[in-house]
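Visitor: Please take one part of this structure and examine it closely, stating each cut-off as it arises.

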Amino acid sequence: MIRTFNYTFNRKTKFRTSITLIFVIIVAVALYKLYMGGFFSAWFVSLIAALMALMVLSIPRRIVLLDDKLEIQCLLDITEFDIREIASMRKVPVKDMRWAIRILGAAGFFGYYGKFFNLKEFEIITIYASEWDNFVEITDIYDSRTYVSCREADNLINTVMQAKALCEEQDETSENELSEAV
């Protein structure tokens, strides 16, 4: 492992998470009291519990740069990028992210993650962020865009690009050795 970048929640994300949890608890208690053992309250509580469990399992925890891959680690999910397949990385200002509309995922409940639709580019993007700030765009060779939040954005970009250059150099060296052996 070369480097780890941890996600940190800002005050706004913590506030939105608290408000969401309080709202869900209030609605669940109200349904329980109003519809004692009814079908609707059981259905609602089961659905909300399942959705919250799925969301909690997808909370982004850290970005890990290994020798030849970049991992975005969530509580239960790991998204991997082969460093050689990363075409570019750049910092993205928050004003450019205002065009992202959530399709499937969380928008403030323990972060911002999931699939979003970018109205400016008319494409589906993936976001793994703990705060709506400090965005880094990762574009792979297939033109797929993933956005992560990292308070050390410049350091992340420099470290990944150095690791990519090192991997490409090692690949060229091994190819040259193979061609010389033949």
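Guide: The answer below follows one helix and then the surface patch beside it. The model is predicted, so local features need pLDDT of at least 70 and side-chain atom pairs pLDDT 80 or more, while totals for chains, interfaces and linings use all residues. Residues are numbered from 1 along each chain as its sequence is written, and side-chain values use heavy atoms, without hydrogens or water.

Helix α1 covers residues 11–34; helices are DSSP runs of H or I with at least four residues, strands are E runs of at least two, and both are numbered from the N terminus. Its 24 residues should span 34 Å at 1.5 Å a residue, counted over one less than the number of residues. The end C-alpha atoms of α1 are 34 Å apart, which agrees with that expectation. Along α1, Thr13, Thr17, Val24 and Leu31 are buried (under 20% relative accessible area; exposed is over 50%, partly exposed in between, with a 1.4 Å probe and protein chains only). The buried residues of α1 pack against helix α2 (39–57) and strand β7 (112–118), where contact means heavy atoms within 4.5 Å.

Leu34, the last residue of α1, also belongs to a nonpolar surface patch of about 910 Å², together with Tyr35, Phe39, Phe40, Trp43, Leu47, Leu51 and Leu54. Patch residues have over 30% relative accessible area and no salt bridge, and nonpolar side chains (Val, Leu, Ile, Met, Phe, Trp, Tyr) are joined within 5 Å. Helix α2 gives the largest share of this patch, 6 residues. Leucine 51 lies in α2 and is partly exposed, with a relative accessible area of 42%. Thus α2 packs against the buried residues of α1 and also contributes to the nonpolar patch.

How values were computed. Patch = residues over 30% accessible without salt bridge, like charges linked within 9 Å, V, L, I, M, F, W, Y side chains within 5 Å. Areas by Shrake-Rupley, 256 points an atom, 1.4 Å probe, with all protein chains shown as cover. Salt bridge = Lys/Arg side-chain N within 4 Å of Asp/Glu carboxyl O.
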